[in-house]
Amino acid sequence: MRQAVLNLEESMIRQVANAGMGRTDVLKFWFGESDEVTPAFIRDAAMASLQQGETFYAHNLGLSELREAIARYATALRCPGAAPIGAERIAVTSGGVNALMLAVQALVDAGDEVVAVTPVWPNLTAQPAILGARVKCVSLKPVAGQWLLDMAELLAAITPGTKLLIVNAPNNPTGWTLTRAEQETLLAHCRRTGTWILADEVYERLYFEATPNGCAPSFLDIAAPEDRLVVVHSFSKSFLMTGWRLGWLVMPASMTPHMGKLVEFNTSCAPVFVQRAGLVAIEHTADITPRVVAHLKACRDTLVPLLQAVPGVQVAPAKGGMYAFFRLEGQAGFNDSLATAKRLVVEAGLGLAPGNAFMVNPTPEAQGWLRWCFASQDVARLGQGVDRLRRWLGL
């Protein structure tokens with residue numbers, strides 16, 4: 001087996017979840033998904049497709065009607081003056097993870113340099129490493145619980161020798177989001193260096209700041225259609241469809257036919273009945289996403305003040321996403337976030353994700369941090385979780 005695969009670390013989040021498997025008394029906030037089931041009309045669309053016998057292969061790039069619907073949806077979200085997005089720039093994928101891997105496979109050769117902004121969901125740094133790339137990380141810096149980008153450090157890291165920049169904003173786990181000015185600076189710099197940008201924007205709609213389109217800033221608002229930019233999206237978060245494994249890519253039109261070949265060698269295509277469900281979801285986004293975002297904001301605004309009131313906890317409200325990323329201060333024993341998260345499961349019945357799961361070779365910035373997914377259908381569960389944390393801390 002390839003050494004790059006042997007070197008892959010087991011998911012630390014899974015390690016914590018495994019410690020709580022079979023326990024019904026654990027409040028589970030470790031995975032990045034809502035505990036609310038997919039709306040019935042989306043499920044009905046999938047069942048209707050199956051009943052009609054749509055159990056065969058589809059086009060590698062996805063159903064034409066879904067690609068066109070995604071193109072309309074993506075264009076409608078753009079700021080005034082942005083380039084429209086046509087279906088010829090869209091590829092439907094078997095989830096956001098698959099979209100990310102396809103993009104990396106399309107762009108990265110063994111030995112290439114890849115720069116990634118961390119903390120970040122570990123798949124984004126593992127995928128180029130699997131392909132033999134050299135991954136260089138630039139860490140956000142925590143300031144009073146808020147994670148911020150040192151733009152000068154990032155620009156210095158991206159050189160003409162950098163093949164790909166990977167950036168996830170709004171960010172999992174920190175909630176950090178690129179500003180429009182920062183995106184413009186990065187895009188201009190990467191044009192000069194010839195560096196591709198892989199933008200994971202799956203949390204674009206889960207944004208709590210006031211903007212004209214209700215979305216976080218997107219590279220698609222400012223990029224030209226043939227810029228070296230690939231943007232990843234997913235139905236998972238803003239459509240409550242994590243288990244469906246359906247996503248999409250936006251890329252230069254010249255790249256799309258080649259991406260279709262790559263899809264063929266990975267999954268052949270996304271299942272038709274899942275795509276039918278996605279089509280209904282995207283056509284009825286007004287019935288789903290605004291409610292999801294409003295509920296998540298209520299969850300955030302419930303959890304964060306409760307955590308801020310706990311002595312020794314450092315946290316700031318996230319601008320986007322579905323996570324509170326917080327630090328336990330005051331005791332050296334909290335520096336190992338994985339050990340702390342495992343103890344919380346066993347001793348407090350509280351399931352959180354360890355902060356060092358989101359760093360490559362965990363840096364001092366990651367020590368003592370934990371991620372709490374606040375996407376809870378029952379907001380009261382968040383308060384119950386904080387009560388358990390308080391008792392565990394002896395407060």
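## Exercises on packing, patches and empty space

The largest cavity has a volume of about 60 Å³. Keep in mind that this is a predicted model. Let's work through its spaces and contacts together.

**Exercise 1. Find how many cavities of 30 Å³ or more the structure holds, and which residues line the largest cavity.**

Solution. Start with the count: there are five cavities of 30 Å³ or more. Next, take the largest cavity and list its lining: Ser-34, Glu-36, Lys-237, Leu-240, Val-292, His-295, Leu-296, Met-322, Ala-375 and Ser-376.

**Exercise 2. Describe the largest pocket: how much space lies in it, and which helix gives the most to its lining?**

Solution. First, the space: the largest pocket holds about 1,200 Å³. Second, the lining: 42 residues contribute, and Ser-11, Ile-13, Trp-121, Pro-122 and Asn-123 lie nearest the centre of the pocket. Third, the helices: at least two lining residues each come from helix 2, helix 5 (96-107) and helix 6 (123-130). Helix 6 gives the most, with four residues.

**Exercise 3. Classify the ring pair of Tyr-203 and Tyr-323 as stacked, tilted or edge-to-face.**

Solution. Begin with the wider picture: the structure holds 13 aromatic pairs. In this one, the ring centres of Tyr-203 and Tyr-323 are 5.8 Å apart, and the planes meet at 75°, so the pair is edge-to-face. The cut-offs behind this step are centres within 6.5 Å and planes over 60 degrees apart.

Now place the partners along the chain. Tyr-203 sits in the loop between strand 8 (196-200) and strand 9 (229-234), while Tyr-323 belongs to strand 12 (residues 323-328). The two are 120 residues apart, and their pair links distant parts of the chain.

**Exercise 4. Decide for Tyr-203 and Tyr-323: buried or exposed?**

Solution. The limit for buried is under 20% relative accessible area. Tyr-203 has 3%, so Tyr-203 is buried. Tyr-323 has 1%, so Tyr-323 is buried too.

**Exercise 5. Name the residues that form one aromatic cluster with Trp-248.**

Solution. Look for the partners of Trp-248: they are Tyr-73, Phe-235 and Phe-239.

**Exercise 6. Move to the surface and work out which residues form a nonpolar patch with Leu-8, and where Leu-8 lies.**

Solution. Leu-8 joins Met-1, Val-5 and Leu-6 in the patch, and together they have about 400 Å² of accessible area. Along the chain, Leu-8 lies in the loop between helix 1 (3-6) and helix 2 (12-20). Finally, check the exposure: the relative accessible area of Leu-8 is 36%, so Leu-8 counts as partly exposed.

Methods. Residues are numbered from 1 along each chain as its sequence is written. This is a predicted model: local features need pLDDT of at least 70, side-chain atom pairs count only at pLDDT 80 or more; totals for chains, interfaces and linings use all residues. Side-chain values use heavy atoms; hydrogens and water are left out. Rings of Phe, Tyr and Trp (its six-membered ring) pair if their centres lie within 6.5 Å; planes under 30 degrees apart count as stacked, over 60 as edge-to-face and the rest as tilted. Buried means under 20% relative accessible area, exposed over 50%, partly exposed in between (1.4 Å probe, protein chains only). Patches are made of residues with over 30% relative accessible area and no salt bridge: like charges are joined within 9 Å, nonpolar side chains (Val, Leu, Ile, Met, Phe, Trp, Tyr) within 5 Å. Accessible areas come from the Shrake-Rupley method with a 1.4 Å probe; for residues, only the protein chains shown count as cover. A salt bridge is a side-chain nitrogen of Lys or Arg within 4 Å of a carboxyl oxygen of Asp or Glu. On a 1 Å grid over the protein atoms alone, a cavity is a set of points where a 1.4 Å probe fits but cannot get out, and a pocket is an open set with protein on both sides within 12 Å along at least five of seven lines; lining residues have an atom within 4 Å of a point. Grid points are joined across faces, edges and corners, and a volume is the space filled by probe spheres set on the points.
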